[in-house]
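Colleague: I'd like a close look at one part of this model, the surroundings of the ligand. Could you walk me through that part and then carry on to whatever else stands out?

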Amino acid sequence: MKKITIVGAGLAGSLLAVYLSKKGFEVGIYERRPDMRKHNIGGGKSINLALSTRGIHALKEVGLYDEIKKIAIPMFGRMIHTKDGDLNFQRYGKDDSEYINAVSRSELNKSLMDLAEKNSNIKIHFSERCCGIDFEKNEVSFLNDDSGSEKKMKYEILIATDGATSAVRMEMMKRPRFNFSQLYENYGYKELIIPADANGKFRMEVNTLHIWPRGSFMLIALPNLDGSFTCTLFLGYDKSLGRENSFEFLDNEDRVRKFFETNFPDFVNLHPDFSSEFFQNPVGSLMTVKCYPWIVNDNAALLGDASHAIVPFFGQGMNAAFEDCVYLNSCIDKYNGDWAKIFNEYQNLRKVNSDAIADLAQENFIEMRDLVADKRFLLKKKIETELYKKYPDTFVPKYTMVTFMRIPYSVALRRGRIQENILNNLSSDISDVSGLDFNFADKLIKENLDKLM
Ligand SMILES: Cc1cc2nc3c(=O)[nH]c(=O)nc-3n(C[C@H](O)[C@H](O)[C@H](O)COP(=O)(O)OP(=O)(O)OC[C@H]3O[C@@H](n4cnc5c(N)ncnc54)[C@H](O)[C@@H]3O)c2cc1C
């Protein structure tokens with residue numbers, strides 16, 4: 001059995017360690033930050049995340065789902081907030097059996113670390129920052145952030161789960177023929193908390209993901225266990241996306257207050273003291289990273305955000321990273337110690353699908369911030385629901401394929417585009433779903449789609 005070195009004890013690294021230890025590997029994880037179970041260091045990016053079928057499948061495989069379920073809040077659909085304060089609920093799935101879950105990033109990460117450390121063959125080393133790799137000597141360097149000392153150590157198998165700005169990937173970039181692209185959105189995000197009311201109760205409907213779509217920007221809110229909501233404002237960095245609608249423009253209290261009162265009046269009623277928080281909290285950046293290959297010398301590989309960072313608009317980054325672990329685990333089963341075959345098959349299976357979810361996530365931003373409030377979009381959603389009822393094995397909504405199924409993301413992307421064309425065709429001449437021409441729908445579906453299941 002080879003020893004495995006994991007760089008990064010975030011969501012993917014901690015989960016992967018559990019998978020590997022179940023197979024009997026000795027695992028050392030090296031994490032840049034101090035232990036988040038002892039130090040209040042915050043989770044990093046978002047405070048809470050949407051966990052769905054792919055991520056749940058992985059948590060079930062390692063036996064952690066029952067525990068996480070206790071801290072997860074089901075969200076059955078989107079609650080759209082109009083400027084006038086009207087609320088409009090759009091269900092995610094076919095019924096209450098299909099929902100996504102709001103989970104605290106830090107609680108999930110801590111539970112994964114606890115589970116990892118229950119195994120005597122896993123050791124997590126904290127405050128150890130990967131600062132270099134010599135892939136020819138199989139040597140990785142770590143800088144201890146407490147002592148300032150640097151050490152080099154040999155690895156047998158190294159897996160990098162050190163996130164979107166991966167240091168290991170940076171080392172891979174120095175090698176010949178490494179493909180890399182990094183695209184920053186001209187959007188940033190800022191988190192604000194709507195606190196619980198005086199009785200510790202939620203101030204809005206709890207079992208939904210709230211969205212205030214405003215065309216070129218949006219506010220969303222996910223519930224937390226303590227009765228609060230974590231709200232995230234996605235807004236352009238600079239004025240190129242609208243003169244008054246940018247973080248750059250919102251540089252003083254008057255402007256911020258006016259912006260929120262104009263665009264999110266019900267939010268202001270729920271959280272009148274938001275503006276000091278607005279200036280305290282940082283603006284996070286959003287990027288898509290694609291790279292290839294993910295493997296060096298058949299003994300080092302990238303996984304999770306390190307190999308495919310995506311924008312958060314389909315709520316799939318962590319779910320995709322967890323699915324990487326599921327696939328790598330099955331490749332380990334299949335190739336019994338042959339790491340060249342294990343890593344190659346893992347990469348072949350995952351690269352095409354991580355590219356697909358990156359594209360799906362970017363498309364979904366337009367849907368969330370703009371289309372969910374658009375009449376034609378809502379008509380197409382109604383037609384989609386009718387077609388799903390009539391052709392449940394063939395016409396499966398894109399959201400369902402991505403969120404409630406484990407079919408490859410690339411299949412969801414391809415079929416989603418075909419279905420979008422069908423919906424455009426069917427909705428072009430009607431203003432209400434009652435006018436849907438089922439004969440035409442039948443013809444289009446038979447011509448363009450085969451059975452999914
Ligand atoms: C605003 C926002 C909202 C999101 N919402 C969702 C959502 O709803 N659903 C969803 O599925 N995904 C969501 N995501 C995506 C999700 O956060 C990531 O896909 C997920 O965290 C990836 O896990 P990871 O373990 O690969 O990386 P990370 O969680 O980033 O973990 C990387 C770890 O590596 C450590 N590290 C970094 N550099 C080094 C180094 N040099 N040496 C050692 N350790 C290092 C870090 O400290 C960290 O612990 C969201 C992301 C953002 C930004």
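By class, how many nonpolar, polar and charged residues does the shell around the ligand have?

Modeller: Sure, and keep in mind that this is a predicted model. The shell around the ligand splits into 12 nonpolar, 10 polar and nine charged residues. In total, 31 residues surround the ligand, and the closest of them are Ala12, Glu31, Ala50, Arg105 and Asp305.

Asp305 deserves a second look, since an N or O atom in its side chain sits 2.8 Å from an oxygen atom of the ligand. Backbone atoms come in as well: Gly317 has a backbone N or O atom 3.3 Å from a ligand oxygen, and for Met318 a backbone N or O atom is 2.9 Å from an oxygen atom of the ligand. As for cover, the ligand on its own has 1000 Å² of accessible area, and the protein covers 92% of that. If you want to trace the shell by element, α1 (11-22), β3 (48-51), β9 (128-134) and α9 (317-335) are the ones that give two or more residues to it.

Helix α9 turns up again in the salt bridges. A search of the whole structure finds 36 of these, and one of them joins Arg54 to Glu323, with the closest N and O atoms 3.1 Å apart. That pair ties together distant parts of the chain: Arg54 belongs to helix α2 (residues 53-61) and Glu323 to helix α9, 269 residues apart. Side chains of opposite charge can pair when their charged atoms come close.

Strand β9, another contributor to the shell, has a backbone oddity just ahead of it in the loop from β8 (122-125), and that is where you'll find Ser127. Ser127 isn't a glycine, yet its phi is positive, at about 55 degrees. A further backbone feature is the cis peptide bond from Tyr292 to Pro293, with omega near 0 degrees. Pro293 lies in the loop that connects β17 (284-292) and β18 (295-296).

One more place to look is the second largest pocket, with a volume of about 610 Å³. Its lining has 25 residues, and Arg91, Leu378, Lys381, Lys382 and Thr385 lie nearest the centre. Helix α11 gives the most to this lining, with 10 residues. The elements that each supply at least two residues there are β6 (87-91), α11 (375-390) and α12 (398-403). Sorted by class, the lining of this pocket comes out as eight nonpolar, six polar and 11 charged residues.

Definitions and conventions: Residues numbered from 1 in each chain as written. Predicted model: local features only at pLDDT ≥ 70, side-chain atom pairs only at ≥ 80, totals over all residues. Heavy atoms only, no water. 1 Å grid on protein atoms, 1.4 Å probe; cavity = no way out; pocket = protein on both sides within 12 Å on 5 of 7 lines; lining within 4 Å. Points joined across faces, edges and corners; volume = space filled by probe spheres on them. Helix = DSSP H or I, 4+ residues; strand = E, 2+ residues; numbered from the N terminus. Nonpolar A, V, L, I, M, F, W, Y, C, P; charged D, E, K, R; others polar. Near = heavy atom within 4 Å. Polar contact = N/O pair within 3.5 Å; in protein donor to acceptor, adjacent residues only side chain to side chain. Areas by Shrake-Rupley, 256 points an atom, 1.4 Å probe, with all protein chains shown as cover. Salt bridge = Lys/Arg side-chain N within 4 Å of Asp/Glu carboxyl O.
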